[in-house]
Amino acid sequence: MRINLNIKVRRARSWLAVALLAGGLLAGCAARLPEPNAADAVRAARAWPGTTVGDLHRGRQQYVQRCSGCHGLIDPHRVEAARWPGFVKEMSGRLKLSGDEVADLTRYLVIASQSTQTL
């Protein structure tokens, strides 16, 4: 009985270590994502009038929180800006995102892909 308990404790510790490592890796990736700024909001407002830095920050936050639940985060620069809306639309059904969430996420990824900030 005691041996089974030790095995269970070791397994639980292993899973905890894996979870902490994965969380650390995702946090590290999120820290390298482009941070929206006023110039980004101006560029975004050309395609989406009225876009604010806050809208772009919400999109970034959604990208980190919602998308990383299923897969690793992709550097926005690795995908052409014109392709992000299709990707977001495809994935939004799986995540059951609202229209506002889709808009924020799309704006962020399109603008971040055009950002001069390097990761």
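## Helix 3 against helix 5, and the spaces around them

The axes of helix 3 (residues 53–67) and helix 5 cross at roughly 100 degrees and come within 7 Å. Angles of 65 to 115 degrees count as roughly perpendicular, so helix 3 is roughly perpendicular to helix 5. On the helix 3 side, the contact is made by D55, L56, R58, G59, R60, Q62, Y63, R66 and C67. Helix 5 contributes E101, D104, L105, R107, Y108, L109 and I111. By class, the residues of this contact divide into 7 nonpolar, 2 polar and 7 charged. The structure is a predicted model.

**D104 in the contact**

D104 sits in helix 5. Is D104 buried or exposed? Its relative accessibility is 4%. Buried means under 20%, so D104 counts as buried. Which residues does D104 touch, leaving aside its neighbours within four places in sequence? They are D55, R58, G59 and Q62. These four residues also appear on the helix 3 side of the contact with helix 5. D104 and Y63 are 41 residues apart in sequence. In space, their C-alpha atoms are 9.4 Å apart.

**The cavity and the pocket**

A search of the whole structure finds 1 cavity of 30 Å³ or more. The largest cavity is lined by P34, E35, P36, D40, L56, Y108, I111, A112 and S115. Helix 5 (residues 99–114) gives the largest share of this lining, with 3 residues. L56, Y108 and I111 belong to the cavity lining, and they are also part of the contact between helix 3 and helix 5.

The largest pocket is lined by 18 residues. Closest to the pocket centre are H71, I74, W84, F87 and M91. Helix 3, helix 4 (84–95) and helix 5 each supply at least two residues of the pocket lining. Helix 4 gives the largest share, 8 residues.

The table sets out the two spaces.

| Space | Volume | Largest share of lining | Lining by class |
|---|---|---|---|
| Largest cavity | about 40 Å³ | helix 5, 3 residues | 6 nonpolar, 1 polar and 2 charged residues |
| Largest pocket | about 280 Å³ | helix 4, 8 residues | 13 nonpolar, 2 polar and 3 charged residues |

Helix 5 thus links the topics above. Helix 5 meets helix 3, holds D104, gives the largest share of the cavity lining and supplies at least two residues to the pocket lining.

Technical notes. Residues numbered from 1 in each chain as written. Predicted model: local features only at pLDDT ≥ 70, side-chain atom pairs only at ≥ 80, totals over all residues. Heavy atoms only, no water. 1 Å grid on protein atoms, 1.4 Å probe; cavity = no way out; pocket = protein on both sides within 12 Å on 5 of 7 lines; lining within 4 Å. Points joined across faces, edges and corners; volume = space filled by probe spheres on them. Nonpolar A, V, L, I, M, F, W, Y, C, P; charged D, E, K, R; others polar. Axes fitted to C-alpha atoms, helices over the stretch in contact; angles between N-to-C directions. Parallel < 35°, antiparallel > 145°, perpendicular 65-115°, else oblique. Contact = heavy atoms within 4.5 Å. Buried < 20%, exposed > 50% of the residue type's maximum accessible area, 1.4 Å probe, protein only.
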